[in-house]
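Thank you all for making the time today. I would like to walk you through one structure that is new to the group, so please have the picture in view while I talk.

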Amino acid sequence: MSSESTTPIGRTPSDATFQFTSHPSVQAFKQSPPEFLRRHFDVSNKARPPVPKFLATGAIVFDHRPPPNSDHPPRTLLIQRAAHDSMPLNWETPGGGCDDDDPSILHACARELKEEAGLDAVSVGPVVPCASSRITSMTDGNAEAGQAEWGERMGGQFFLTRRGGLVCKFYFIVELPEDSASRVNVDPNEHSAFVWATEDEVRRKKMDGENGIQLDFTTREQYEVILAAFKMWNSGKL
């Protein structure tokens with residue numbers, strides 16, 4: 001794995017630095033967002049949907065690796081959107097938009113994880129493919145409803161913002177330092193709560209225990225990509 005280090009930008013403290021390794025499969029994401037768009041989206045190909053206006057990342061993290069015959073299966077971090085935000089009180093993984101001055105897509109992922117959950121990335125990658133992602137609201141004639149998006153071969157999820165801007169989002173499995181589960185710190189302006197959920201709880205969309213928290217996810221794609229990440233993580237082949 002290769003090493004990455006930089007001083008982050010945005011809402012992250014100015015004296016913080018990111019130092020993480022990256023999975024060999026994510027070499028293409030070691031580019032700044034503007035350079036990534038230039039290299040991977042051919043504006044001259046009119047048969048493709050239009051170039052995304054924005055890039056975004058999602059960080060899927062687990063509290064520990066799956067040891068053999070463990071009575072404590074791995075759990076993933078879910079955060080609940082604030083009541084005043086869009087898709088209020090729905091659940092998602094940490095993530096958000098890439099900034100043009102992020103040194104790379106991978107750094108954007110690490111930055112968003114720090115900003116939204118207060119956690120540090122140790123390793124970023126591989127990508128968790130969003131196999132079911134589809135453009136369903138394009139009306140300009142470049143894509144038909146249900147057509148597989150441009151860039152799906154890279155694992156991206158395409159969707160439209162409320163203002164109609166096309167976004168391409170990539171989800172990464174991100175490894176954390178040991179004992180990170182107790183260090184989560186969400187910004188109440190953006191998220192109201194967090195949970196560590198097992199694969200079974202995600203599948204049932206409900207937490208175990210007396211409270212039995214209902215896990216209503218932001219989108220079907222968000223739900224599916226989390227389950228895909230569990231499959232990859234539990235394989236032990238990362």
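Let me begin with Val174, which, leaving aside residues up to four places away in sequence, touches Ala59, Ile60, Val61, Phe62, Cys109, Leu113, Ala121, Ser123 and Val124. I should say at once that this is a predicted model, and that everything I describe is computed from it.

Val174 belongs to the largest nonpolar core, a set of 35 residues in which Phe29, Leu113, Phe172 and Val174 have the most contacts. Two or more residues come to this core from each of strand S2, helix H1, strand S3, strand S4, helix H2, strand S7 and strand S11, and of these H2 gives the most, with 7 residues. Another core lies apart from this one; that second core has 22 residues, including Phe62, Val195, Val225 and Ile226. As background, nonpolar side chains in soluble globular proteins tend to be buried together.

Stepping back to the whole protein chain, we have 4 helices and 12 strands, and 47% of its 238 residues are buried. If we take the contacts between residues at least 6 apart in sequence, 65% of them join residues at least 24 apart. The chain exposes about 11900 Å², with carbon and sulfur atoms supplying 47% of that area.

Now to some individual positions, and first to strand S7, where Val128 has its place. Is Val128 buried or exposed? Val128 counts as buried, because its relative accessibility is 0%. Its contacts, again not counting residues up to four places away in sequence, are Ile60, Gly155, Tyr171, Phe172, Ile173, Val225, Ala228, Ala229 and Met232. One of these, Ile60, is 68 residues from Val128 in sequence, yet the two C-alpha atoms are 8.7 Å apart in space.

Strand S7 also holds Pro126, and the peptide bond leading from Gly125 to Pro126 is cis, with omega near 15 degrees. For comparison, most peptide bonds are trans, and most residues other than glycine have a negative phi. On that second point, please look at the loop between S4 and strand S5, where we find Met87 and where Leu89 also has its place. Met87 has a positive phi of about 50 degrees although it is not a glycine, and Leu89 likewise has a positive value, with phi near 65 degrees. Met87 is partly exposed, with a relative accessible area of 36%, and Leu89 counts as partly exposed at 41%.

Gln222, in helix H4, counts as buried because its relative accessibility is 1%. Beyond residues up to four places away in sequence, Gln222 touches Trp91, Glu92, Thr93, Tyr171 and Phe217. Gly97, in strand S6, is by contrast partly exposed, at 35%, and touches Leu55, Ala56, Arg111 and Glu112 when residues up to four places away in sequence are left out. Between Gly97 and Cys109, which are 12 residues apart in sequence, the C-alpha distance is 8.8 Å.

I will finish with the second largest pocket, which holds about 220 Å³ of space. Which residues lie nearest its centre? Of the 14 residues that line this pocket, they are Phe62, Asp63, His64, Leu176 and Pro177. By class, the lining has 7 nonpolar, 2 polar and 5 charged residues. Phe62 is a good place to stop, since we have now met this residue among the contacts of Val174, in the core of 22 residues, and in the lining of this pocket.

Technical notes: Residues are numbered from 1 along each chain as its sequence is written. This is a predicted model: local features need pLDDT of at least 70, side-chain atom pairs count only at pLDDT 80 or more; totals for chains, interfaces and linings use all residues. Side-chain values use heavy atoms; hydrogens and water are left out. On a 1 Å grid over the protein atoms alone, a cavity is a set of points where a 1.4 Å probe fits but cannot get out, and a pocket is an open set with protein on both sides within 12 Å along at least five of seven lines; lining residues have an atom within 4 Å of a point. Grid points are joined across faces, edges and corners, and a volume is the space filled by probe spheres set on the points. Ala, Val, Leu, Ile, Met, Phe, Trp, Tyr, Cys and Pro count as nonpolar, Asp, Glu, Lys and Arg as charged, and the others, Gly among them, as polar. Buried means under 20% relative accessible area, exposed over 50%, partly exposed in between (1.4 Å probe, protein chains only). Contact means heavy atoms within 4.5 Å. Accessible areas come from the Shrake-Rupley method with a 1.4 Å probe; for residues, only the protein chains shown count as cover. A nonpolar core is a set of buried Ala, Val, Leu, Ile, Met, Phe, Trp, Tyr and Cys residues joined through side-chain atoms within 4.5 Å.
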